[in-house]
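Here is a structure to read closely. Each label put on it should be traceable to a criterion.

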Amino acid sequence: VSEEVRGALRPQWFRPIEPFIPPNVQIIAANGLLYVATARGLYVLEADTGAQKWVFPTELPLGNSPTIAGGVAYVGGHDRRLYALDAITGQLLWSFVADGGFDTNPLVINGLVYAGNRDGYLYAIYADGTPGEGTLAWKYKTDGPIHFSAAYANNTIYFASNDAYAYALNSQSGALIWKSAKLPTGDGFHTWWPVVHDNLVVFAGSFAYRNFAPPQTNWSWEMLAKGDPPLF
């Protein structure tokens, strides 16, 4: 909310959820409900009480947070499926099957659902309620898995692939507008989204470990527990 929250804060309610909630998952609030992607499906709770509204179970983990648009919850999973669910009842409307798992947050705009996939393709799928709903509109191939969600501005889709390039595609046709020079990212692009501001597109890359040191070099959990500073 835009208001500053002050005072003695305390929990209004809590709700244990048995399946693991991946650390990249954000809770999505819409329709008076909270949508939580887990390792065993999509859990939906009443926002006021935490009571469970419905669960859409999956055999493999969901890959990222759902997107709620037009009364539909769109969410992808490691079972290679992008699901469209009725956002109120949880009824399956349709699913689209790719060649790899989805761990990006779907982008829904202008009747299309855009989602990058581990198979290296960015998929554009006709959204629910459109002619051809749940079928492929187009796909664009990169040379690495896509873990980075897409952003939209001015009829253009922006995303990054783990081939270390950023891409701009025409949102309706999938035609390449530009491809960046190779980007200096050590461990690729994961979890988040580009930020479009004025005439700039900002991409955040990541490194698996601190620069110039392999994992667990010159420090241990015992040292940290004793209060000794890690040796960087």
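The questions below take labels one by one and set them against their criteria.

Q: What kind of model is this, and what does the protein chain contain?
A: The model is predicted. Its protein chain has one helix and 18 strands. Buried residues account for 42% of the 232 residues. The accessible surface is about 12,700 Å², and carbon and sulfur atoms hold 54% of that area. Of the contacts between residues at least 6 apart in sequence, 38% join residues at least 24 apart.

Q: Why is Trp138 called buried?
A: Buried means under 20% relative accessible area. Trp138 has 8% relative accessibility, so Trp138 counts as buried. Its place is in strand 12, residues 136-141.

Q: Which residues does Trp138 touch, beyond those up to four places away in sequence?
A: Among them are Leu112, Tyr114, Leu122, Tyr123 and Ala124. The list also includes the run Leu169, Asn170, Ser171, Gln172, Ser173 and Gly174. Gly174 is 36 residues from Trp138 in sequence, while their C-alpha atoms are 6.3 Å apart.

Q: What makes the pair of Trp138 and Gln172 a polar contact?
A: The cut-off is 3.5 Å between N or O atoms. The Trp138 side chain reaches the backbone oxygen of Gln172 at 3.1 Å. That distance is within the cut-off, so the pair counts as a polar contact.

Q: Why is Asn31 called partly exposed?
A: The partly exposed class lies between the limits of 20% and 50%. Asn31 has a relative accessible area of 46%, so Asn31 is placed in that class. Asn31 is found in the loop between strand 1 and strand 2.

Q: What makes the phi of Asn31 worth a remark?
A: Most residues other than glycine have a negative phi. Asn31 has a positive phi, near 60°, and is not glycine.

Q: Which class of exposure does Arg80 belong to, and why?
A: Arg80 is partly exposed, because its relative accessible area is 38%. Its place is in the loop between strand 6 and strand 7. Arg80 also has a positive phi, near 75°, in a residue other than glycine. The hairpin of these two strands has four residues between them.

Q: How do you know that strand 6 and strand 7 pair?
A: Pairing needs at least two bridges. Strand 6 and strand 7 have five, so they pair. They run antiparallel. One bridge partner set is Tyr74 with Ala84 in strand 7.

Q: What joins strand 7 to strand 8, residues 92-97?
A: Five bridges join them, in the antiparallel sense. Tyr83 stands opposite Ser95 in strand 8. Their hairpin has five residues between the strands, and Gly90 there takes a positive phi near 85°.

Q: What makes strand 1 and strand 4 edge strands?
A: The open sheet has four strands in the order 1-2-3-4, with antiparallel pairing. Strand 1 (28-30) and strand 4 (52-57) each pair on one side only. The twist averages 20° from one strand to the next.

Q: How do you know that strand 2 and strand 3 pair?
A: Six bridges join strand 2 (residues 33-38) to strand 3 (residues 41-46). The requirement is at least two, so the strands pair. Val36 has Tyr43 as its bridge partner in strand 3.

Q: Why are strand 13 and strand 16 said to stand at the edges?
A: Another open sheet of four strands has the order 13-14-15-16, with antiparallel pairing. Strand 13 (151-153) and strand 16 (176-179) each have a single partner strand, so one side of each lacks a neighbour in the sheet. The twist averages 25° from strand to strand. Strand 15 (residues 165-170) pairs with strand 16 over three bridges. In strand 16, Trp178 is the bridge partner of Ala168.

Q: Which residues have the most contacts inside the largest nonpolar core?
A: They are Tyr35, Leu42, Val44, Trp54, Phe56 and Leu85, in a core of 14 residues. Strands 2, 3, 4, 6 (72-76) and 7 (81-86) each supply at least two core residues. Strand 2 gives the largest share, three residues. Leaving aside neighbours within four places in sequence, Leu42 has contacts that include Tyr35, Trp54, Phe56, Ala73 and Leu85.

Methods: Residues are numbered from 1 along each chain as its sequence is written. This is a predicted model: local features need pLDDT of at least 70, side-chain atom pairs count only at pLDDT 80 or more; totals for chains, interfaces and linings use all residues. Side-chain values use heavy atoms; hydrogens and water are left out. Axes are lines fitted to C-alpha atoms, for helices over the stretch in contact, and angles run from 0 to 180 degrees between N-to-C directions. Buried means under 20% relative accessible area, exposed over 50%, partly exposed in between (1.4 Å probe, protein chains only). Contact means heavy atoms within 4.5 Å. Accessible areas come from the Shrake-Rupley method with a 1.4 Å probe; for residues, only the protein chains shown count as cover. A nonpolar core is a set of buried Ala, Val, Leu, Ile, Met, Phe, Trp, Tyr and Cys residues joined through side-chain atoms within 4.5 Å. A polar contact is a pair of N or O atoms within 3.5 Å; within protein, one must be able to donate a hydrogen and the other to accept it, and residues adjacent in sequence count only if both atoms are side-chain atoms.
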